[in-house]
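Student: Could you show me how to read helix packing in a model? I would like the general idea and then a case.

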Amino acid sequence: MAIPRSAGDAARRGAAHTAMPQPHTPSAPQRASLRLRELSLAAHDDALAMLGADAAGLDAGEAQRRLDAAGPNRLGRGAPRAWYLQLAACYPSPFNLLLSALALVAAVLDDLGAVALVLTLTISLGTVMRFIQETRSARALRELEAMVPATAVVVRRTDRSASAAGWRRTDSIEVPVDALVRGDLVHLRAGDLVPADVRVLSARALRLSQASLTGEAESVAKHESATHWNSPDGAAEIAGGSIPDLPNICCLGTSVVSGSALAVVAATGDDTYLGALAASGRRASTATSFDRGVRAVSWMLIRFTLVLVPVVLLLNGLIKGSWAEAFTFALAVGVGLTPEMLPVVVTGALARGASRLAAHRVITKRLNAIQDIGAMDVLCVDKTGTLTQDEILLRQSLDATGRDDARVLELARLHGAFRSGDDPLDRALLRGGMPAAESFACIAEIPFDFDRRRVSVVVRETHDARGVSLLIAKGAADEILAVCTSRERDGLRIALTPESRAAAQRLRRDLEADGARVIAVATREFADGSRGSYGVADECGLVLRGFLAFENPVRGDAAEAITLLQRSGIAIKIVTGDGERPARGVADRVGLTVDAVLAGSRIDRLDDAELAEAAARASVFVKTTPAQKARVVRALRTRGHTVGFLGDGVNDASALRDADVGISVDTASPVAREAADFILLDPSLLVVARAVAEGRRMFGNIMKYIKMTTSANFGNVLSVLVASAFLPFLPMQPIQLLVQNLLYDLSQLLIPWDRVDDDFCAGPQRWDPASIPRFTLWMGPVSSAFDLLTYALMWHTFDARAPSAQALFQTGWFVESLLSQTLIVHMIRTRHLPLVQSVASWPLVAATAVIACIGLALPFTGFGAAIGLVQLPAAYFAWLALILFEYCVAVQIGKTLYQRRYGAWL
C-alpha cells in the first residue's frame, strides 16, 4: 500500500518542522532514530530508493561489496582488539591492583628492589596466564557458536545473459545473519529473531515481541504502512513516538511471535537502534550469580588481607623495634595472603568445562552458566523433542464420531499449506503432499495466540465463480469445540447437541489416554467473496469436521536420563501447552511420578505466593501459555531453587530467559536458541545430565583453590603472628616469603584439570560465601600447629636460636611451609583419603611433585643462597618427613570432624 512520492515528502517535511527538531550534535541513538523515522514515513518505493535496494533483491556481487564496506552484521563488529590491548585488559583485577600498590611501595624504598622484582613477576605471571586462558576460551567459544549459525532467508537476484535479451531470476536463499547488508530483502516468520533493523514492505498477521527493548510482555502488531499515511498530524505522531512504536519498523533484538513479512534491511550491526544504545552504554550487562559469588569471595579475601597486614606490621614493629624491617615483612605477608591466581583458575576452569561439554555435543553460549547448571536443582522440560522424539507422526484422521475420514486430513493439509510460520504438526501433515493447494488462494490468516490456542486461514478456490471463501480453523480440541455449533457427518451438517458435544469430548479423551496429541479441525463458509478482512470475531458458528491424532514416540534414553537427573538431586517438571492426558501419558512412559498437575487456567487465578507453593508441589503443568511458563519459572526461583528450562519453541523464549539456566537444541526456533545459555546438538536429557556433572566438577575445582589457599594463607599468618611475638628475628625473609608464594601459585595452576569425586557431583553445588571463613578458621590453625612444631624443631633440635643462625631457622620453615602448602592441595581436594581413595589428575600430581622437588633442592642452589637460604642438615629431612606425615593425619581427622559438623566438605 504505497503513497505518492510527493505526499511522503510533504509528510516528512511537516514532521521535521513540528516533531523532530534535530540537535546540533545528535547522539548515536538519535541518529539511528532519525534514520528509522524517515524510513517509516517514506512510501515503499521511496524507502527502497533511500536504501539503494531493489524490489527484486540485491545481486550477490552488490551484497558482497556492501558487506566489505560496512562489515559483518553483528554488534561490536569492529576489528578485534590488538593482542596487547587484550593483554592490558587482563591486568585489572582486585588482586593485581593490590599487589601493584605493594610493588610500587617496595620499588620506592631502599634495598627492596628484589621484593619489587618478585612482585612484578607474580603480577606478570597472573596477567599472562589469564590472557592465555581468556584468549583460548574466547576462540573456543567462537568456534562452538559457529557450529549453530544464525541464518536469515533473503531475496537475492541472479542476472544471466542466456540470450540476447538476457533474463532475471530471483531466489530466496538462506544466508548467515552476519552476511546481511543494508538493502537486503528478508523474509520473517514466526519464531524468527529480527536479524537487523528492517522496514516492513508487506505483512500477514505479523506480531512481534519487543520485550528485549521495551520490557513489555505483550506482543505488538506490525504492518506495511503507518496509520494516517498522508496526514501531517499522523507523520508528527509517528515522529514523536519511540522507535519500537513505529508500526512498520522492526528492530534488531526483537522476535516474531506470529505471522510473516517481507522487509528491507535498514541498518546492520552497530548502526542499528540496538547497536547505538549499546554503544552509548545504556545496556549494561547484569551480573550473574557466578559473577556475584566470585566478586564476593575476592573482596572478602582483600578485606581479610587489609585487616591482618597492619596487625603483622604493628606486632613486629613494636616488639623488634625495626619499623622498616617490619614494614617489609608485613608487605610480604600481604602478598602471601593474596590469592592472585583466582582469576586464572576461574577462567581456566570455565574454559575447561566448555571444552569438555563440547566433547559431549553441548555448545556453551555463556561460560558463567556452567556453574549455574551445576547448581541447578529443578529442571523444567517441554516434553516434545526431549522426552519424546523430534519427529511427530500422524496416526489418524477421524470425523466427530470417531470414524476414519480422509476429508479431515485434506482440510488440515490445505490449512497447513497456507499457514505462515514453521509448525511441526504441519510438517507431519504435509509429508504426504498437498496437490489440491495449487487450486486455492489464501486471502487471510487469523494468527495463533496462546489464549485462543488456534489459528485460522481463509482460502478461496481460484476458479470458483461463486466467490465463496472457506475459513479453516485448526487448534486445541477444547478451544475449537468452544466455537463450534454444528458437526458434519456424511456430508450433512448436524447441530452439536450437549450429547454429541460430550461424545466428541470422550473421543478426544480416549485418543489422549492412548498417548495421542489431538488437534481439532473446523470450518465456516462465507458467501461474500468481496469481503476484504477477517478477524477473531469470525471464528464463531464453526462446523466441527473432526480430529487429528498425532504421536510423539518417547525417546529411548528418556527414562534413563530422568532417573540419572533425579539421582543427581534434580527435580524434573513437565511444562507443556498440551492437555493433562497426553502429558500424564508421557510422564508414565518415562517413569516420572506425577504428584500433582497444575493447569494454565488455574495458574492465572493464583497470586505469586500461592503459585510458588503450588509450583513446588506440582510435577506437570499443562495447557500453559508462554507467560505462564515464565511465571512458573519465576515462582520456583522465589522458593530458592536454581531453575533450568529446556525448550525449543518460540513459546519457550520467555521461560528460557527467566530461568537460571536456559537450554535449547540446535533445531530450535531462532528466538529459543538466542535466549538459551546452552545448545544441545543431541536433543537428549542424557546430555543435560553430563552437562550438570561438568558444571559441578568445574565448581568443585574452583572451590578447591579458594578453600585451600585461604586456609593455608591464614595458617601462615597465625604462624607469623606467633613467631613475631616470641622470636628475636623474622621467621622468614620477605624475599623468601615472596618466592615461596610464587612457587605455591605455580603448583595450583593445573587445578582446573583435576578430577572431582563422584560424591561431590551427586548433588547441586552453589556458592556459599559463609563457608569460606568457616573452613578457613577450621583448617588454618591445623597448618599453624605444624608450623609451630617446625619452629620448635629448629629452635631446640637444630639450635637455631642465635641471630647468627636465623638463616638456618628461616630455611627450615621455608621448606616445611612450602611442602605443607603443596601437600594441602592433595589433602583438601577430596573428602576421602588422598592418594588412596581419591587420586588427583596426573597434571596436578606432576605440578605439585615438581614444586616440592624445587623446594627441597632450592637451599642447595646459588639462587637459594642469593635469597638467604642455607643448606640443611641431613637429619632435618627425617624430621620433616615425620612432621608432614603427622600433618596429613591431622588434616584427615580435621576433615572428618568438619564433615560431621557441617555435612559438607568443599
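Tutor: Happily! Let's begin with handedness: a crossing is left-handed if the near helix is turned anticlockwise from the far one by less than a right angle, and right-handed if clockwise. Here α13 passes α26 in a right-handed crossing. Please keep in mind that this is a predicted model, where local features need pLDDT of at least 70, side-chain atom pairs count only at pLDDT 80 or more, and totals for chains, interfaces and linings use all residues. Residues are numbered from 1 along each chain as its sequence is written, and side-chain values use heavy atoms, with hydrogens and water left out.

Student: How do the axes of α13 and α26 cross?

Tutor: Axes are lines fitted to C-alpha atoms, for helices over the stretch in contact, and angles run from 0 to 180 degrees between N-to-C directions. Helices (H or I, at least four residues) and strands (E, at least two) are DSSP runs, numbered from the N terminus. The axes of α13 (residues 342–359) and α26 come within 10 Å, crossing at roughly 165 degrees. The two helices α13 and α26 are therefore roughly antiparallel (angles over 145 degrees; under 35 is roughly parallel, 65 to 115 roughly perpendicular, the rest oblique).

Student: Which residues of α13 and α26 meet?

Tutor: Contact means heavy atoms within 4.5 Å. Among those in α13 are Leu 342, Val 345 and Ala 349, and the α26 side includes Ala 691, Met 698 and Ile 702. By class, this contact of α13 with α26 has 11 nonpolar, 1 polar and 4 charged residues. Ala, Val, Leu, Ile, Met, Phe, Trp, Tyr, Cys and Pro count as nonpolar, Asp, Glu, Lys and Arg as charged, and the others, Gly among them, as polar.

Student: What about burial along one helix?

Tutor: An α-helix has 3.6 residues a turn, so residues three or four places apart point the same way. In α19 (residues 558–567), Ala 558, Ala 561, Ile 562 and Leu 565 are buried (under 20% relative accessible area; exposed is over 50%, partly exposed in between, with a 1.4 Å probe and protein chains only). Seen down the axis of α19, its buried residues fall within an arc of 100 degrees, so they line one face; the arc is that of the directions from the helix axis to the C-beta atoms.

Student: Which exposed residues does the opposite face of α19 carry, the one turned away from its buried side?

Tutor: Glu 560 and Arg 567. The buried residues of α19, meanwhile, pack against β10 (378–381), β19 (571–575) and α26 (685–726).
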